[in-house]
Structures are given as C-alpha cells and as structure tokens.
Amino acid sequence: MNATVERFLQYLRHERNLSQRTVDTYRRNLEQWQDQVTATGRALDLASVTANDIREWLIDRAARGDAPATLRLKVQALRALYRYLLRHGEVTTNPAAQVELAKLAKPLPKFVREKTVDAVLDADVDKDDFTQVRDRLVVMLFYETGIRLSELIGLQDAAVDVDKRELKVRGKRDKDRIVPFGDELAMWLTSYRRLRASVPAQCGNLLLTSRGKPLYPSLVYHVVHDSLASAGGTGKLSPHVLRHTFATVMLNSGAELNNVKELLGHESLAATQVYTHVTLSELQHNYELAHPRALKKGGYYGN
C-alpha cells in the first residue's frame with residue numbers, strides 16, 4: 001500500500017474515529033485502485049492522476065460486474081483521499097470530484113394488493129367495541145384518503161365534516177389541503193364518534209386511545225401491520241405503504257396525475273410521477289398473465 005494512502009487510512013481510523021469496518025472498505029477500494037494503476041507499469045503518482053484515469057477504472061469495474069452502489073463507493077473513497085491530500089497541500093486538484101457518481105435505481109414504492117385491503121375492510125368487527133371500530137377506521141382513513149401517518153395522528157375532530165364528505169389535513173410546512181371521502185368512510189366515522197362519546201377526551205384529535213389521548217406512531221403502525229397481516233399481507237405492511245396503495249389504486253382507476261398530487265399533498269408533480277411506474281409495472285404484469293400471445297411466449301403455456 002502506498003505510504004500516503006496508508007497515512008490517510010490511519011487518519012480515518014484514529015482522527016475521524018471511523019469504524020475499522022469502514023476503514024477496511026476504504027482500504028479495499030484504494031488497494032484496488034492502486035493495482036489498476038500499477039498494472040499498466042506506472043508508478044502510483046497521486047498528483048498526476050486524472051479524472052479520465054478514474055473513469056477508465058470504473059468502466060473496467062463495471063465490465064467485471066460491479067453494481068452502481070459499489071462504483072459509487074469507489075469514487076467516494078477517492079474523493080475522500082484527495083480532499084485529505086488537498087488539505088495537506090500534497091495535490092492541487094481533486095480529480096475524483098470531476099467524476100459523476102453512478103446513479104442508483106430508485107426502488108418503486110411498495111403497495112398492498114386491493115384484495116388484501118378489501119379483506120381487512122370487509123372483515124367482521126364488534127361495532128360496539130371502541131378499539132375495534134377505531135382500528136378499522138385507521139386502516140380505512142389511510143387507504144381511502146392517502147394521508148400521512150403524522151397527518152392522521154394530528155387530524156382534528158373539527159376538521160372532519162361527515163356531511164360534506166371531506167376532511168382538512170394539515171400537511172408538511174403547515175400547508176392545509178381538503179381531501180374528499182366516500183359514504184362508507186362517513187358511516188364508520190359516525191359509528192366511531194358515537195363510541196368515542198364515552199371516552200374521556202383529553203384533546204381535540206379525531207382519533208384517540210381508550211384513555212382519551214392522541215394516538216402515537218408505534219400504536220398506529222401496529223394497528224396497520226397486524227390488520228394487513230391477518231388478511232394475508234406480506235412484506236412491509238406500514239401506514240406509508242397504505243398511502244402508496246391509495247395513490248396506486250387512484251391512478252389504476254383513471255384518476256388524473258395532478259389530482260392525485262393534490263390529494264397526497266405533494267409539492268411537485270415529480271414526487272407523484274413515481275406511482276405511474278408502479279401502475280405501468282402492474283399493467284405489464286397483468287398483460288403477461290392474460291394476453292394470449294404473452295402466454296404462448298413465456299406465460300403459462302410456455303412453462
């Protein structure tokens with residue numbers, strides 16, 4: 001290992017207090033870089049390295065199968081090394097800073113299939129039991145309005161108008177928005193409020209614990225998770241996944257993208273457009289399962 005690079009690694013471990021595991025990751029990437037340079041018969045002269053040298057190394061690593069996340073780590077290791085050298089006056093430029101980081105594929109939002117949510121919302125509950133009715137209402141609010149966890153917890157009773165079938169949500173940056181809802185949710189809200197009358201309310205929130213206090217995140221998470229799991233749901237089963245499900249169902253049902261943006265309280269359309277990829281993925285999946293030619297090429301007929 002080059003003495004200068006070794007000194008940098010010791011700096012990370014003892015002055016930056018990075019874990020040994022993190023330092024070892026830096027070491028592996030920098031050793032690999034050194035091997036790349038010296039394999040061509042050159043000495044490792046850090047001051048003469050160019051951005052093109054680094055790009056060629058990354059191209060070689062990508063051809064060997066390194067994933068984008070791995071390539072990013074390699075560039076970040078070199079950037080950190082050259083920042084260290086710049087501070088100590090050993091180089092005049094940071095060639096790694098001129099190399100664009102490999103872009104990571106953004107995972108599509110997770111969602112729950114409609115039949116799973118329907119199984120939860122169609123299951124029998126004791127309509128005279130406050131907790132059972134409240135928990136059903138929690139799932140229904142997420143699924144039918146797409147509100148965030150924080151918005152549901154902070155939703156005020158006075159902000160929910162059953163007659164108008166709409167609720168006022170206080171979203172991010174204290175921005176209010178109006179979200180409509182349907183007859184079924186209105187019915188459950190009315191039933192819940194009837195039962196809540198016997199609870200000693202200690203605040204003006206719509207949704208309360210049995211002691212009259214506001215709901216809290218872990219309670220809401222467990223209500224959603226346990227409800228969906230009981231209906232056969234798998235994977236991540238959280239309030240935010242139900243929000244994703246709301247957006248996906250709306251777009252699959254023909255809602256305008258801009259309308260879904262407003263319902264979700266997104267600042268920009270770009271944040272909502274990710275759900276179009278989910279719906280397209282679903283359409284592709286359904287096509288491959290149903291279209292006669294797709295079936296013959298690789299579906300049931302071909303397996």
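Two strands count as paired if DSSP finds at least two bridges between them. With that in hand, welcome to a predicted model in which Glu166 stands opposite Pro180 in strand E3. The briefing below starts from that sheet, then turns to helix packing, aromatic rings and two individual residues.

**The sheet**

- Three strands make up an open sheet in the order E1-E2-E3, and their pairing is antiparallel.
- Strand E1 (160-161) and strand E3 (176-180) are the edges, each pairing on one side only.
- Strand E2 (residues 166-170) is joined to E3 by five bridges, and the two run antiparallel.
- Two of the facing positions can be picked out by eye: Glu166 is opposite Pro180 in E3, and Lys168 is opposite Ile178 in E3.
- E2 and E3 form a hairpin with five residues between them. In its turn, Arg173 has a positive phi of about 55°.
- In a regular strand, side chains alternate between the two faces of the sheet.
- E3 shows such an alternation: Arg177 and Val179 point to one face and are buried, whereas Asp176, Ile178 and Pro180 point to the other face and are not buried.

**A buried glutamate beside the hairpin strands**

- Glu151 sits in helix H7 (residues 149-154).
- Is Glu151 buried or exposed? Its relative accessible area is 4%, and buried means under 20%, so Glu151 is buried.
- Leaving aside residues up to four places away in sequence, Glu151 touches Val169, Arg170, Gly171, Lys172 and Arg177.
- One of these partners, Arg177, is among the buried side chains of E3.

**Helix packing: H1 with H4**

- Two packed helices are described by the angle between their axes and the distance between the axes.
- For helix H1 (residues 3-14) and helix H4 (residues 68-87), the axes come within 10 Å and cross at roughly 95°.
- H1 and H4 are therefore roughly perpendicular to each other.
- H1 brings Thr4, Val5, Arg7, Phe8 and Tyr11 to the contact, and H4 brings Ala80, Leu81, Tyr84, Leu85 and Arg87.
- By type, the residues of this contact of H1 with H4 are seven nonpolar, one polar and two charged.

**Helix packing: H6 with H9**

- Helix H6 (residues 130-145) and H9 pack at an angle of about 85°, with their axes 10 Å apart.
- That angle makes H6 roughly perpendicular to H9.
- The contact uses Arg134, Asp135, Val138, Val139 and Phe142 of H6, together with Leu219, Val220, Val223, Val224 and Ser227 of H9.
- The residues of the contact of H6 with H9 divide into seven nonpolar, one polar and two charged.

**Leu219 up close**

- Leu219 belongs to helix H9 (residues 217-230).
- Apart from residues up to four places away in sequence, Leu219 touches Arg134 and Thr209.
- Thr209 and Leu219 are 10 residues apart in sequence, and their C-alpha atoms are 9.3 Å apart in space.

**Aromatic rings**

- How many aromatic pairs does the structure hold? There are six.
- The rings of Trp33 and Trp57 have centres 5.3 Å apart and planes at 55°, so this pair is tilted.
- Trp33 lies in helix H2 (residues 20-38) and Trp57 in helix H3 (residues 51-63), so the pair ties together parts that are 24 residues apart in sequence.
- Both Trp33 and Trp57 are buried.
- Phe8, Tyr11, Tyr26 and Tyr84 are linked into a cluster by ring pairs.
- Among the cluster members, Phe8 and Tyr11 of H1 and Tyr84 of H4 also take part in the contact of those helices.

Definitions and conventions
Residues are numbered from 1 along each chain as its sequence is written. This is a predicted model: local features need pLDDT of at least 70, side-chain atom pairs count only at pLDDT 80 or more; totals for chains, interfaces and linings use all residues. Side-chain values use heavy atoms; hydrogens and water are left out. Rings of Phe, Tyr and Trp (its six-membered ring) pair if their centres lie within 6.5 Å; planes under 30 degrees apart count as stacked, over 60 as edge-to-face and the rest as tilted. Helices (H or I, at least four residues) and strands (E, at least two) are DSSP runs, numbered from the N terminus. Buried means under 20% relative accessible area, exposed over 50%, partly exposed in between (1.4 Å probe, protein chains only). Contact means heavy atoms within 4.5 Å. Axes are lines fitted to C-alpha atoms, for helices over the stretch in contact, and angles run from 0 to 180 degrees between N-to-C directions. Angles under 35 degrees count as roughly parallel, over 145 as roughly antiparallel, 65 to 115 as roughly perpendicular and the rest as oblique. Ala, Val, Leu, Ile, Met, Phe, Trp, Tyr, Cys and Pro count as nonpolar, Asp, Glu, Lys and Arg as charged, and the others, Gly among them, as polar.
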